[in-house]
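Work through the exercises below with the sequence and the model open side by side. Try each task before you read its solution.

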Amino acid sequence: MVKAMVTLTGWCKALPTAVFLLLLPTALHAQAVGSLRIGKDYRGRLDEIIATMGKDKNIRFVYDKDHLSRYTTSVNPEEEKTINGMLRMFRSAWGMETLIGDDGYIYIARSREHLEELRGRQVAAAQPQERAAASRRAAAAPVKRGFTLTGEIVDVNTGERIPYATVGVVGATVGASSDANGYFILEQVPTDTATVVVQYLGYQTLYIPLDPSPDNSPLSVSLEPQPLTIAEVFITGRKDDKVLQQSTGEHKMKMSPIALKALPNVGEKDIMRGFQLMPGVSAANESSSGMYVRGGTPDQNLIIYDGFTIYYVDHLHGFYSAFNSNAVKDVQLYKGGFEAKYGGRLSSVTEITAKDGNAKKVTVGGEANLLSVNAYAEIPVRDKLTSLFAFRRSYQGYLYGKIGGETSGSEEATSQPSTPAGGRVGGRGSMGAEVEAPESYFYDLSGKLTYYPSKKDILSLSIFNGTDYVDNTPQFSFPGGGGGMMGGMPSVSMDNADYERYGNTGASFRWARKWSEKLTSNALMSFSNFYSTRDQTRTTTMVRNDTTSTRKSGSLEDNNLMDYSLKYDWRYSLSDIQALEAGMYGTFYDIGYSYAQADTTLLSKTGSAIVAGLYVQDKLRLAKSRLVVVPGVRFTYFQPASKVYVEPRLSSSYRMGESVTLNAATGIYYQFANRVAREDVMSGNTDFWILSDGAEIPVSSATHFNLGLNYDLPDYLFSVEGYYKLNENISEYTLRFEYNARRPTGGFGMMPGAGAGAASGEVKEQFYTGNGYAIGLELLAQKKAGDFSGWISYTLAQVKNRFPGQSEKYLYAYHDVTHELKAVGIYKLGDFDFSSTVIYATGRPYTAPLGAYQIANADGSKMSFYAVSDKNTFRLPDYIRLDFAATYRFDLFGTRGKPHAIGLSLFNALNRKNVSAKQFEVIDNAILESNITYLTITPNISLTFKF
């Protein structure tokens with residue numbers, strides 16, 4: 001533990017700077033020195049510690065002795081661990097500026113201006129013999145040339161393996177990425193005197209000079225986390241470009257979950273909401289944390305969590321996702337043109353890798369805010385077993401009630417006030433009806449056990465569960481009872497239900513093996529279950545003069561999806577320019593859905609199917625690695641259709657210069673389980689999971705065309721990407737149905753909560769099959785470094801569908817957003833982070849009724865009928881939102897590194913009533929329209945702690 005005490009010896013004015021250069025002939029490369037271990041305790045004045053350490057470690061420091069002599073501290077191997085750790089402590093404790101220079105020196109300065117002064121003095125003082133010694137080291141005779149280097153990458157603090165890090169060679173174009181287990185294979189390393197560079201989002205870049213040797217031992221790499229800046233929040237568009245200055249054509253975004261605390265949020269930091277701030281991912285739908293990527297819907301985005309599929313990600317009706325960022329290690333989003341190893345979705349892929357847990361020491365932490373509490377624990381068990389458990393649960397406080405109440409209410413009053421999802425206020429209604437506060441909550445649980453039986457094998461078990469439960473059932477008591485009358489009034493009893501429960505449970509067991517330096521494999525067995533039940537039924541029994549009548553109203557909806565899957569993936573590095581990947585997979589689906597109004601079942605669908613197949617893809621590096629081509633193909637057998645579906649894929653990237661990359665991708669994609677939109681003109685659309693049957697609900701498909709150009713500088717990134725997607729055999733279900741009971745023929749009717757007389761209507765399942773397209777252009781300008789950083793993005797897009805059963809014209813899809821402009825700014829000031837986000841989007845389209853009338857049923861209830869506009873003819877008002885956040889990091893109880901934080905956030909600072917949907921009601925043959933609005937201005941406070 002570092003016990004730092006600042007000893008002020010007086011501020012000396014106008015004193016000359018004494019620059020000490022500790023020069024040793026065996027000094028290491030400047031960029032590799034940061035990973036050196038401290039090794040022993042150092043105590044005393046800071047200038048003396050630096051001088052002694054320089055001699056012990058053969059490190060050359062440049063610093064101001066007068067400034068450093070004011071501080072007394074201790075540095076030990078348990079806390080700081082490495083030189084990088086020590087320098088980070090200097091920055092966080094005393095606001096110093098540090099730099100490991102390319103010239104082989106470590107600079108320690110009191111300010112950025114002072115740092116530049118020290119660098120200038122060192123250059124002037126450099127001796128010719130030093131430059132000659134550096135040249136001799138660079139010219140050392142190599143033992144091996146053009147060899148293959150393998151190794152693994154771990155976190156220096158926790159020992160946890162780091163997936164998808166980039167590995168390259170300084171001054172060369174060769175490069176590779178670590179796999180999900182932290183293994184990497186770097187082909188065609190020029191010489192064994194080269195310098196290897198390793199990068200990963202949220203970690204300090206590590207340079208490793210290789211030593212000439214006839215042995216070819218695996219390289220063990222330990223990366224150290226770095227202070228949060230915008231560069232640790234997002235990297236867009238590329239995979240290896242930080243090392244190679246080139247794109248792989250994957251149209252991918254990558255995010256560091258730990259950096260999300262710097263961004264404004266409602267409740268907790270949210271990985272899915274973070275992605276919505278990037279181009280091509282819509283941010284205008286607050287009621288869904290699922291992602292609308294390049295004109296696709298959330299169900300068309302494949303979400304993989306440690307190998308198993310997640311089918312529903314929302315908490316609290318979409319205000320944030322069910323993924324606990326404390327349990328997440330890595331997140332990658334493929335926006336389109338994804339490779340053959342991914343399938344079953346039309347639009348995009350989100351791959352989430354869970355943490356393994358700290359392998360070195362017990363770590364516990366948690367968060368609390370106005371919406372929920374969150375706790376996690378990482379517990380190592382001996383040397384070969386790690387564990388992680390994270391749990392989060394909401395409580396019905398201010399923020400929970402505000403979200404539920406505002407998003408369920410209407411801007412204008414209606415004759416039937418809506419029910420807040422967050423709860424009812426207790427009280428007494430009409431006729432003595434007692435309305436009780438509901439039980440309402442959400443929770444999620446994440447867990448992972450990882451076992452290392454040998455250096456070549458990894459076994460892991462992951463579990464996930466996210467559930468929401470809302471019970472708004474009112475309790476009623478009425479005068480009268482039994483079969484009599486009271487005061488001339490009939491005796492009435494009511495049996496009511498108003499609750500919903502939905503969520504996703506999943507688990508996976510994975511075996512990863514490194515068979516040789518070039519061959520690795522992953523075997524996976526998984527299970528996933530999506531469930532959703534919504535019961536809003538009411539049965540009214542009335543007794544009048546010994547005559548009993550019963551009326552049923554409301555709706556009952558149930559959706560259940562079971563997914564049992566097996567998968568086996570292989571990767572073999574054939575040569576320095578070619579890597580082959582292949583795999584087999586199989587899934588058994590069992591999906592059921594039912595929807596009923598009153599006594600009438602409007603839709604009932606159940607189905608099961610086997611989906612199985614294989615894929616193969618080849619990654620080629622051509623033209624001296626300037627051109628990367630990834631061809632692939634996927635073969636899938638779908639049991640209900642008794643057909644094999646072939647999905648060719650091709651992506652490529654070409655490095656046109658040191659900073660400019662052109663990438664392109666195309667492919668065919670099929671989806672066998674779909675979340676079908678259920679059109680509801682009066683109350684707003686909903687959707688449900690259903691299995692394709694190859695006939696009435698055909699297998700949907702999409703063809704992608706993507707083209708992008710990226711200009712990447714050390715501190716800035718500029719990107720432009722265009723896409724076109726052609727969708728076929730997409731399905732939709734409508735609530736419009738024929739009703740021919742004693743009324744003029746023709747027209748459509750729908751009455752939520754219709755009486756028993758609704759059974760006399762002729763109800764037909766109305767699935768419509770059509771096609772559509774999505775086209776768009778994305779622009780991004782990003783400042784990646786510095787105290788002030790951020791980005792601005794703009795998306796121009798159009799999404800249209802055509803359903804011949806409804807119209808022969810291409811009409812706007814309900815999620816079409818023509819213009820979307822987003823800006824994010826983060827300013828770092830000492831231990832404070834200030835951030836702001838601005839979002840502007842054109843309104844989404846909707847369908848509206850144009851006229852209506854009512855017909856009385858035999859039991860006295862009424863059925864409403866209406867004529868509607870063309871599909872999605874009208875548009876909601878434009879969406880505008882401004883958010884602010886401030887975070888302060890601090891130490892507590894002797895902890896180091898300032899792991900604790902307190903955050904303040906202001907959501908929708910303009911207090912704008914953004915409209916999420918329109919709601920219509922027929923009263924006396926007139927249509928009453930009301931707005932359902934998103935959240936208004938909402939403050940939040942959060943506390944994060946870690947021990």
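Two strands count as paired if DSSP finds at least two bridges between them. Keep in mind that this is a predicted model.

**Exercise 1.** Find how strand 32 and strand 33 pair, and over how many bridges.

Solution. Step one: locate the strands. Strand 32 spans residues 547-575, and strand 33 spans residues 578-597. Step two: apply the cut-off of at least two bridges. The two strands share 20 bridges, in the antiparallel sense. Step three: check one position. Leu-556 lies opposite Ala-596 of strand 33. Step four: look at the connection. Two residues sit between strand 32 and strand 33, and the strands form a hairpin.

**Exercise 2.** Now follow strand 33 to strand 34, and say in which sense they run.

Solution. Step one: strand 34 covers residues 600-622. Step two: its 20 bridges to strand 33 are antiparallel. Step three: take Gln-578, whose bridge partner in strand 34 is Leu-620. Step four: inspect the turn. This hairpin also has two residues between its strands. In it, Ala-598 has a positive phi near 55°.

**Exercise 3.** Place these strands in the whole protein: how many helices and strands are there?

Solution. Step one: the count is eight helices and 55 strands. Step two: turn to burial. Buried means under 20% relative accessible area. By that cut-off, 56% of the 947 residues are buried. Step three: check the contacts. Take those between residues at least 6 apart in sequence; 68% of them join residues at least 24 apart. Step four: finish with the surface. The accessible area is about 37,600 Å², and carbon and sulfur atoms account for 57% of it.

Note on methods:
Residues numbered from 1 in each chain as written. Predicted model: local features only at pLDDT ≥ 70, side-chain atom pairs only at ≥ 80, totals over all residues. Heavy atoms only, no water. Helix = DSSP H or I, 4+ residues; strand = E, 2+ residues; numbered from the N terminus. Buried < 20%, exposed > 50% of the residue type's maximum accessible area, 1.4 Å probe, protein only. Contact = heavy atoms within 4.5 Å. Areas by Shrake-Rupley, 256 points an atom, 1.4 Å probe, with all protein chains shown as cover.
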